[in-house]
Amino acid sequence: MTTPRKGALPAITLRSDDFDALDRLVGDLPGSGPAGLLQQELDRAEVCDDADMPRDVVGLNRWLHYADDRHPEVRRVQLVLPREADIDAGRVSILSHVGAGLIGLTEGQSINWPDPTGAVRKLTPVLVEDADPIESAPH
């Protein structure tokens, strides 16, 4: 599997609640595939409290619009825990390649990220929607 080069990765930020939930999730999984990629992201993330979290950062349970250099249209998705995933409803698992690549990015940042085939694609969040107060409650 292709893994992103450490020096080529943009800075990412995670809410402390998101970090804790994701750290528990990947702690029980093999360190390969999307779980391994997500663990790499957790290892390099800046973690901050809710009060200090910028509004334009992709977080767990946040809806976002993102561009993918392999598809012409901007897509709207919500990053969720695997048990809540529903691709038909736009709810993408954080344990998917796209989910692991987008988490923690800020609007306008891009990351070169592997897809399931190992090919690298450029993912860019273009709009992070305001969190729903119910969904932004601690996990």
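**Exercise 1. Work out how β3 and β7 pair, and find a pair of residues that face each other there.**

Step 1. Look at β3 and β7 side by side: they pair in the antiparallel sense, over 5 bridges. Keep in mind that this is a predicted model.

Step 2. Now pick out one residue pair. Ala67 stands opposite Thr124 in β7.

Step 3. Try the other pairing of β3. With strand β4 (residues 71–80), β3 also pairs in the antiparallel sense, over 5 bridges. Here Asp68 has His71 in β4 as its bridge partner.

**Exercise 2. Put the strands of the open sheet in order and say which ones stand at the edges.**

Step 1. Start from what you just found: β3 pairs with β7 and with β4.

Step 2. Add β6. It runs antiparallel to β7, and 4 bridges join the two. One spot to check is Ile111, which stands opposite Leu123 in β7.

Step 3. Follow the chain from β6 to β7. The two form a hairpin with 5 residues between them, and Gly118 in the turn has a positive phi of about 100 degrees.

Step 4. Write out the order. The open sheet has 5 strands, β5-β4-β3-β7-β6, and its pairing is mixed. β5 (91–93) and β6 (111–114) each have a single partner strand, so they stand at the edges, with one side of each left without a neighbour in the sheet.

Step 5. Look at the twist. On average, neighbouring strands of this sheet are turned by 50 degrees against each other, ignoring direction.

**Exercise 3. Set the sheet in the context of the whole chain: which helices and strands are there, and in what order?**

Step 1. Count the elements. The protein chain has 3 helices and 7 strands.

Step 2. Walk along from the N terminus. The elements come as β-α-α-β-β-β-β-α-β-β.

Step 3. Check how much is tucked away. The protein chain has 139 residues, and 45% of them count as buried.

**Exercise 4. Find the largest nonpolar core and the elements that build it.**

Step 1. Get the size. The largest nonpolar core holds 29 residues.

Step 2. Find its best-connected members. Leu22, Leu64, Leu79, Ile94 and Leu102 have the most contacts inside this core.

Step 3. Trace the core back to the elements. Those giving two or more residues are α1 (16–27), α2 (33–44), β3, β4, α3 (97–102), β6 and β7. The top contributor is α1, with 4 residues.

**Exercise 5. Track down three salt bridges and decide whether their partners are buried or partly exposed.**

Step 1. Begin with the total: the structure holds 8 salt bridges.

Step 2. Take Asp50 and Arg15. Their side chains meet in a salt bridge, at 2.5 Å from N to O. This pair links distant parts of the chain, since Asp50 is in the loop between β2 (46–48) and β3 (63–68), while Arg15 is in strand β1 (residues 13–15), 35 residues apart. Burial under 20% relative accessible area is the cut-off to use. Arg15, at 10%, is therefore buried. Asp50, at 41%, counts as partly exposed.

Step 3. Move to Arg121 and Asp68. Their salt bridge has its closest N and O atoms 3.0 Å apart. Again distant parts of the chain are linked: Arg121 is in strand β7 (residues 120–128) and Asp68 in strand β3, 53 residues apart. Arg121 is buried at 11% relative accessible area, and Asp68 is buried at 4%.

Step 4. Compare with Arg91 and Glu84, whose closest N and O atoms are 4.0 Å apart in their salt bridge. Both ends come out partly exposed: Arg91 has a relative accessible area of 23%, and Glu84 has 28%.

Step 5. Look for shared partners. Arg15, Asp17, Asp18 and Asp50 are joined into one network by salt bridges that share partners.

**Exercise 6. Locate a nonpolar patch on the surface and place one of its residues.**

Step 1. Find the members. Val74, Val126 and Leu127 form the patch, with about 230 Å² of accessible area together.

Step 2. Place Val126: it lies in strand β7.

Step 3. Check how open Val126 is. Its relative accessible area is 41%, so Val126 is partly exposed.

Terms used
Residues numbered from 1 in each chain as written. Predicted model: local features only at pLDDT ≥ 70, side-chain atom pairs only at ≥ 80, totals over all residues. Heavy atoms only, no water. Buried < 20%, exposed > 50% of the residue type's maximum accessible area, 1.4 Å probe, protein only. Patch = residues over 30% accessible without salt bridge, like charges linked within 9 Å, V, L, I, M, F, W, Y side chains within 5 Å. Areas by Shrake-Rupley, 256 points an atom, 1.4 Å probe, with all protein chains shown as cover. Pairing = 2+ DSSP bridges. Axes fitted to C-alpha atoms, helices over the stretch in contact; angles between N-to-C directions. Core = buried A, V, L, I, M, F, W, Y, C linked by side-chain atoms within 4.5 Å.
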